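Trainee: I have a model open on my screen and would like to walk through it with you. Could we start as soon as it is up?

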Amino acid sequence: MKQGAQKIVVDLRSVAGGDIQEGVTVANFFIRDGQIAKTIGREQKVLKSFEADPKTAIFNGSVVVLIDSGTAGAAEVVASAFLENKRGDVVGEKSFGAGAEQELFTLKDGDGLLLTTVKWASGSGKAFLGEDRNHSGVAPSVEVKRAESQGAGDVEDLTGNDEEKPNQPNNKPAPSEPIAPKPAPEDTQMKKAIELLRDKPAAPAQRAA
């Protein structure tokens, strides 16, 4: 912000670390009020609710969040808070669906039983870790699939079938030429995020205290 940033892309792709409080803290930088997250116990009982603190919010400008199938845990807290509080678009692919606290119970024979005792959930109470893949994760408001990588080279190049055959006497080896590196696939998700931000208002000027 000191450098003049007026619009921000929060890239949470392949971000899976952190605890629930860290996710709440990051979301609160951008969200001034409303529910951010909850923890859910047995029989869907709400154990704790996390609400935005207006004093913690620092950025009022337009924001777009990027997620993909590697987004999990604390990052899902941020993405879901943006969606449910209508703070900005979430672009990309459905997140992984994780975020839970587990407890190890020791049995009499020495074996252990690891049980999920607490699930992390969005502000509305939707747990990120569902019964199966279809009921897990956070769905983006704008779905954009990650660009596929360039295809592999010619099969003959990989197998060596294009080498000269020794029984053909008039064949001469072709002069070797430098192989140009293949261009990296376009980041279509980031491109979409920037397109969305272009049409949104910039952050208001910060007033001196």
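Trainee: Which are the buried residues of helix α1 (residues 20–30)?

Mentor: Happy to help! This is a predicted model, in which local features need pLDDT of at least 70 and side-chain atom pairs count only at pLDDT 80 or more, while totals for chains, interfaces and linings use all residues. Residues are numbered from 1 along each chain as its sequence is written, and side-chain values use heavy atoms, with hydrogens and water left out. Helices (H or I, at least four residues) and strands (E, at least two) are DSSP runs, numbered from the N terminus, and buried means under 20% relative accessible area, exposed over 50%, partly exposed in between (1.4 Å probe, protein chains only). In α1, the buried ones are I20, G23, V24, A27, N28 and F30.

Trainee: Why are they on the same side of α1?

Mentor: Look at the directions from the helix axis to the C-beta atoms, which define the arc. The buried residues are on the same side of α1 because they cover an arc of only 150 degrees around the axis.

Trainee: Which residue caps the N-terminal end of α1?

Mentor: Look for a polar contact, a pair of N or O atoms within 3.5 Å; within protein, one must be able to donate a hydrogen and the other to accept it, and residues adjacent in sequence count only if both atoms are side-chain atoms. Here a side-chain oxygen lies 3.2 Å from the backbone nitrogen of Q21, and the residue that supplies this oxygen is D19.

Trainee: What are the edge strands of the open sheet?

Mentor: Two strands pair if DSSP finds at least two bridges between them. Four strands form this open sheet with parallel pairing, in the order β1-β4-β5-β8. Two of them pair on one side only, and these are β1 and β8 (142–143).

Trainee: Is T71 buried or exposed?

Mentor: T71 sits in the loop between β4 and α2. A polar atom of its side chain lies 2.8 Å from the backbone oxygen of L12, and one lies 3.0 Å from the backbone nitrogen of D68. With a relative accessible area of 0%, T71 is buried.

Trainee: What is the phi of E43?

Mentor: Most residues other than glycine have a negative phi. E43 lies in the loop between β2 and β3 and counts as exposed, at 77% relative accessibility. Although E43 is not a glycine, its phi is positive, at about 55 degrees.
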